[in-house]
Amino acid sequence: ALRDPDHPERYGAAAWIVRDWGGICRKPVAKEGADKSINTTIIGYLEKLGRFTDHEVELFVKANDSRVASWSKIIAFARPKRFAVFDVRVEVALRIAFLDIPDFFGVRFFLPNSGRNDTVSKARSDLDKIPQRGISINFIEYCNILQKFVESGCAPDVTRAEMVLWANAVE
């Protein structure tokens, strides 16, 4: 449904992913004539993502560096073998792992918020004190890093790689 711009359940499915499954609640503001429970932001995401081709997703990511927690969920549901949900816990886990890799030491991810978990927020705050090298990893690169876990046999797909890192991030 998500990848078909004409599917009648497309917008409702995306709203469910963000709001109900993802727990991201924003006051619903609908376009004229649209379902009042579907936020105009979600409608905008879907209009820009089209059929979720690699090209459409890349263009979307380049133009949208905020609210990644919302739109990455939609992209991950539409293309689960290629894209994963972006979560601050996974970002922190990867940044900690990167401390031991000289080429990645001091790398920054593009997400500005700190998340809702106090342990992860503290770790992220500590990581932010490390001098940065001006390297910034975007959502596509984040998914490419998770793909390396798949290629090395550590996970069957990027979604599972993200879930394992997410589940163990606080430890």
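Glu162 has its place in helix 8, which spans residues 158-168, and in this predicted model it offers a convenient point of entry. The residue is buried and yet has no salt bridge, since the nearest side chain of opposite charge, that of Arg89, is 7.1 Å away, whereas a salt bridge is defined by a nitrogen-to-oxygen distance within 4 Å. Leaving aside residues up to four places away in sequence, Glu162 touches Ala84, Val85, Asp87, Val90, Tyr142 and Leu146.

From this unpaired acid we may turn to the charged side chains that do find partners, for which the count comes to four salt bridges. One of them joins Arg79 and Asp54, whose closest N and O atoms are 2.9 Å apart. Arg79 lies in the loop between helix 4 and helix 5 (88-98) while Asp54 lies in helix 3, so the pair ties together parts that are 25 residues apart in sequence. The two partners are not equally accessible: Arg79, at 15% relative accessibility, counts as buried, and Asp54, with a relative accessible area of 36%, is partly exposed.

Another salt bridge is formed by Glu151 and Lys148, with the closest N and O atoms 3.6 Å apart. Both of these residues lie in helix 7, three residues apart, which is about one turn of the helix. Glu151 counts as exposed at 54% relative accessibility, and Lys148 likewise counts as exposed, with a value of 54%. A further pair consists of Asp20 and Arg19, whose side chains meet in a salt bridge at 4.0 Å, N to O; of these, Arg19 is partly exposed, with a relative accessible area of 24%.

The packing of the helices can be followed from helix 4 (residues 68-78), which packs with helix 2 (residues 40-49) at an angle of about 50°, the two axes being 11 Å apart. Helix 2 and helix 4 are therefore oblique to each other, and their crossing is right-handed. On the side of helix 2 the contact is made by Ile42, Tyr45, Leu46 and Leu49, and on the side of helix 4 by Ser70, Trp71, Ile74 and Ile75.

Helix 4 also packs with helix 1 (residues 10-21), here at an angle of about 125° and with the axes 9 Å apart. Because the angle falls in the range classed as oblique, helix 1 and helix 4 are oblique to each other, and this crossing, too, is right-handed. In helix 1 the residues Ala14, Trp16, Ile17, Val18 and Trp21 meet Ser70, Lys73, Ile74 and Phe77 in helix 4. Ser70 and Ile74 are thus listed in the contact with helix 2 and in the contact with helix 1.

Two phenylalanines complete this path through the model. Phe52 lies in the loop between helix 2 and helix 3 (54-63), and its phi is near 65°, a positive value in a residue other than glycine. At 0% relative accessibility, Phe52 counts as buried, being under the 20% limit that defines the class. Phe139 has its place in helix 7 (residues 139-151), the helix that also holds Glu151 and Lys148, and with 0% relative accessibility Phe139 counts as buried. Phe139 and Asn64 are 75 residues apart in sequence, while their C-alpha atoms are 9.9 Å apart in space.

Notes. Residues are numbered from 1 along each chain as its sequence is written. This is a predicted model: local features need pLDDT of at least 70, side-chain atom pairs count only at pLDDT 80 or more; totals for chains, interfaces and linings use all residues. Side-chain values use heavy atoms; hydrogens and water are left out. Helices (H or I, at least four residues) and strands (E, at least two) are DSSP runs, numbered from the N terminus. Buried means under 20% relative accessible area, exposed over 50%, partly exposed in between (1.4 Å probe, protein chains only). Lys and Arg count as positive and Asp and Glu as negative; His and the chain ends are not counted. Contact means heavy atoms within 4.5 Å. Axes are lines fitted to C-alpha atoms, for helices over the stretch in contact, and angles run from 0 to 180 degrees between N-to-C directions. Angles under 35 degrees count as roughly parallel, over 145 as roughly antiparallel, 65 to 115 as roughly perpendicular and the rest as oblique. A crossing is left-handed if the near helix is turned anticlockwise from the far one by less than a right angle, and right-handed if clockwise.
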